[in-house]
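Visitor: Could you take me closely through one part of this model, and then show how the rest of the structure is arranged around or apart from it? I would like a connected account rather than a list.

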Amino acid sequence: MALVILQSDFARRYTGGQTQIEVNASDYRSLVAGLERRYPGLAEQLSLGMAVAIDGEIFQTPLLEAVGPDSEVHFLPVIGGG
Amino acid sequence: MGNEQNTFRVVGTRPVRPDGVDKVTGRAEFGADHQLPGMLVGVVVRSPHAHARIKSIDVSAARAVPGVLAVVTAADLVDLPSELSSGGEAPINFRHVSHNVIARDKALYEGHAVAALAATSTAIAAAAAALIKVDYEVLPHVIDVLEAMREGAPLLHPDLFTTGVTPTPTTASNVAGVTEFALGDIAKGFAEAEVIIEREYTTQPVHQGYIEPHAVTATFGADGTASVWCSSQGQFMVREFCAKLMGMDIGQIRVIPLEIGGGFGGKTTVYLEPLALALSRQSGRPVKMVMSRGDVFKATGPTSGTHVKIKLGAKRDGTFTAGEMTLKYQAGAYPGSPAFLGGMTGLTPYLFEHAKATCYDVVSNRPKSAAYRAPGAPMAAFGVESAIDELAQQLNIDPLELRLKNAATTGMRTLYGAKLPVVGYVETLEAAKAHPHYSAPLGPNQGRGIASGFWFNIGGPSSAAIHVNEDGTVEVVTGNPDIGGSRASMAMMAAEVLGIDFAHVKPTIGDTAQIAYSFLTGGSRVTFATGKAVIEAAEATVLQLCGRAAKMWKVEPYEVEWRAGSAHCTRVDDTTRAPVTLAEIAHQAGRTGGPISGNVSINAAGAGPGFGTHLCDVEVDPETGSVKIIRYTAIQDVGRAIHPAYVEGQLQGGAVQGIGWALNEAYLYDEKGCLLNSGFLDYRMPVASDLPMIDTVLVEVPNPGHPFGVRGVGEVPIVPPLAAVANAVSRATGVRMTDLPLSPPHVLAQLDRAKTAG
């Protein structure tokens, strides 16, 4: 099971304070679907303005990125630059 | 392709940039240089008030002037809903972009566009613009970030409710949003501390200061499609933004990128482009618009002014136990400051088990902030790196040793959650320690400052096409404007893979009809991401070249190997087939299957984060407060320098811009919120005579996410200088400097205050 770790501030608003969530998923899309099943409405929050770090690698526009059974997943704001 | 050292033939050399001669001889075509037959001159009418309701706009007198062929107001752009959409560098509220291009109901800063017109000459346009009557109801204004956050402050947007807080507010506020990052237990971390430093810092908003003002030429064809020539950091960004604001399909607009005379993040949005399109659509003629320097200062994005509070806890041996940042950033007229990026970067150079950042995005009556190299990071780093310097003094530990003791390493968990991939921060600190600069003696009134900085660097969508010409020369087409010497890097990477001379590769920046989509030039992504696309396109081309050689030799493709620019037959004991060069294969291409080319579009992942460490020596005149930079060394992990001279240039440029931010640059407003210093004479950026040669050290810890090990390099070098300079001045004077800029009057006032106090 991949481990999703949420910022406590984000978790307070969308997951009732749950910051660590285990999800059975093979890629980003199925991971978000799994989260949505448990926390309806969360997928919409993640679809806009959030990038994802899977095992430390940041993806700004994720969809099909692989998620392993031991993966650690963090959501973070999309990063711009100058 | 591996990351082995010293195996490159072209990468790491220093050829002359392909665009250099045209640029230094004046032949290069920048934004203001483009001309079209029958072209009109477009001008903008701007608000003279910092905050005003627009009661009415009467354009009738202007429209009646002979030679005026179009007049537009906000009504000529689509009235977009307020919602976040994908686009540009981050999710964007295009209603805000549209209102920033031309005010709809309220002017939110002095210089905010309220109308535009096009005429047959500059004189007619200026005279007609003066006849546009705007009836304003002047409103109270607010500029300072803390003032804007106060209850009862003039409210910019009655429909702006703070996001990121619980419960959702029911009253409007200038605080657009709050973002929080937390790691561990911050209270526990401070409870474990034996020494705590808590300080407040301020930085002023500064402009990117690009030499070339914004300029555009736009024309509509008879079929309703449009063409736009402009200098920007992304032709695809301009196309997308214009389509949205004009209510057009993306395919109806072609954007042709001209040379760009500096951007630094400030050209990652649109200002004039939609207005030129609207004027051209109305007049049926091409329209050219060029900003003055005053327009640039008054109406385009500076970076945020900030108020930063830092609290650091440590053991007496220097081990950090907790770090906390409270970051309040001006967004300007519309939400979207980089406060959250300050929160994600400020503490990242160090291992903290317990850390927290609370980031406030605050609107005020200034131009909407725009990206500026490593957006948001320098201000947070100024606070953190200053506090670390003070901590080092309190603990009597060498500031480099204190950083080394706590330095971020590969696999460290950051405040934003993710673990760091392979990074070379420690290597930059070790290089600083070993550099002669660090042990050089200092004279009277001199001080040495040290500071470090971090930036993520990003990847994203990029496209590249390689065409092999009939004579064996090669074209490389990419979709990213060249703002830092990227043409040379693209050509060098292609030459490396193809095994041919750099001189035989011609790099070109394609327009939106010539190359597939590429995300804009920003975030230090081009040499990494577009470079990766170029490498893959070159590899695809090599496959074709080997296939053609196989046909020529009547062998199987797997029996052909590409080495040093030639196809070699690997069939054992076959000496009849001599190697054939790329040029020989190209010459026969028509007979072996047609032209040879490689086209690749990717969404590049694997960007390698960057760290830098800067050393700065200053001399302070105690009589005047004047600060002179006497020595400066910028050290950075660059992964792999494709063209070391241009990488060094990035480090030097970033350092100089940061020095200006630290010492001189600031916007000065009168009591009505109007800008007093909208020109380079009064807005003082450093010039060559102000500075010593900026020394550089390129540390190369290859990024495993790139075939050649490339990391982005353009953002990191502006992160450390603010604190490096302030720490040097603090050590030279014995007075801790917490507010920028360190102009002579300010430094003198701090010295006088310290004398009075003690």
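Guide: This is a predicted model, and a good place to begin is helix α2 (residues 28-38) of chain A, which lies across β1, β2, β3 (50-54) and β5 of chain A and runs at about 120° to β2(A). The strands under that helix belong to an open sheet of five strands in chain A, ordered β2-β1-β5-β3-β4, in which the pairing is mixed. At the edges stand β2 and β4 of chain A, each of which pairs on one side only, and from one strand to the next the twist averages 30°.

Within this sheet, strand β1 (residues 2-5) of chain A deserves the closest look. Its pairing with strand β2 (residues 20-23) of chain A is antiparallel and is made through four bridges; as one example of the register, A:A2 stands opposite A:V23 in β2(A). Strand β5 (residues 72-77) of chain A also pairs with β1(A), here in the parallel sense and over three bridges. Two positions fix that register for the reader: A:L3 has A:E72 of β5(A) as its bridge partner, while A:I5 stands opposite A:H74, again in β5(A). The two faces of β1(A) can be told apart as well, since A:A2 and A:V4 make up the covered face, whereas A:L3 and A:I5 make up the uncovered one. Taken residue by residue, then, A:A2 belongs to the covered face and is set against A:V23 in β2(A), while A:L3 and A:I5, on the uncovered face, are the residues with the partners A:E72 and A:H74 in β5(A).

The sheet also leads on to the other chain. Between the chains, 23 residues of chain A are in contact with 34 residues of chain B. On the chain A side, α1 (8-14), β4 (57-59) and β5 each supply at least two of the residues that touch chain B, and α1(A) gives the most, with four residues. By class, the residues on this side of chain A divide into nine nonpolar, 10 polar and four charged. Strand β5(A) thus appears in both settings, as a parallel partner of β1(A) and as one of the elements that supply residues to the side touching chain B.

Chain B has a sheet of its own to set beside the one in chain A, an open sheet of three strands in the order β6-β2-β8, with antiparallel pairing. Here β6 (106-107) and β8 (133-138) of chain B stand at the edges with a single partner strand each, so that one side of each is left without a neighbour in the sheet. Strand β2 (residues 52-58) of chain B pairs with β6(B) in the antiparallel sense over two bridges, and in that pairing B:R53 stands opposite B:K106.

Turning to the helices of chain B, helix α8 (residues 273-283) has nine of its 11 residues buried, so the helix is largely enclosed by the rest of the structure. Among those buried residues are B:E273, B:P274, B:L275 and B:S283. After α8(B) comes B:G284, with a positive phi near 75°.

Two helix pairs in chain B can be read side by side. Two packed helices are described by the angle between their axes and the distance between the axes. Helix α12 (residues 399-406) and helix α13 (residues 425-434) of chain B pack at an angle of about 160°, their axes 10 Å apart, which makes α12(B) roughly antiparallel to α13(B). Their crossing is left-handed. In the contact, B:L400, B:R403 and B:L404 of α12(B) meet B:V426, B:L429, B:A432 and B:K433 of α13(B), and by class this gives five nonpolar, no polar and two charged residues.

In the other pair, helix α19 (residues 644-663) and helix α20 (residues 721-733) of chain B pack at an angle of about 55°, with their axes 8 Å apart, and α19(B) is therefore oblique to α20(B). The crossing of α19(B) and α20(B) is right-handed. From α19(B), the residues B:A655, B:G658, B:I659, B:W661, B:A662 and B:L663 meet B:P721, B:L722, B:V725 and B:A726 of α20(B), a contact with nine nonpolar, one polar and no charged residues.

Definitions and conventions
Residues numbered from 1 in each chain as written. Chains lettered and ligands numbered in written order. Predicted model: local features only at pLDDT ≥ 70, side-chain atom pairs only at ≥ 80, totals over all residues. Buried ≥ 20, exposed ≤ 12 C-beta atoms within 10 Å, placed from the backbone. Pairing = 2+ DSSP bridges. Contact = placed C-beta atoms within 7 Å. Nonpolar A, V, L, I, M, F, W, Y, C, P; charged D, E, K, R; others polar. Axes fitted to C-alpha atoms, helices over the stretch in contact; angles between N-to-C directions. Parallel < 35°, antiparallel > 145°, perpendicular 65-115°, else oblique. Left-handed = near helix turned anticlockwise from the far one by under 90°.
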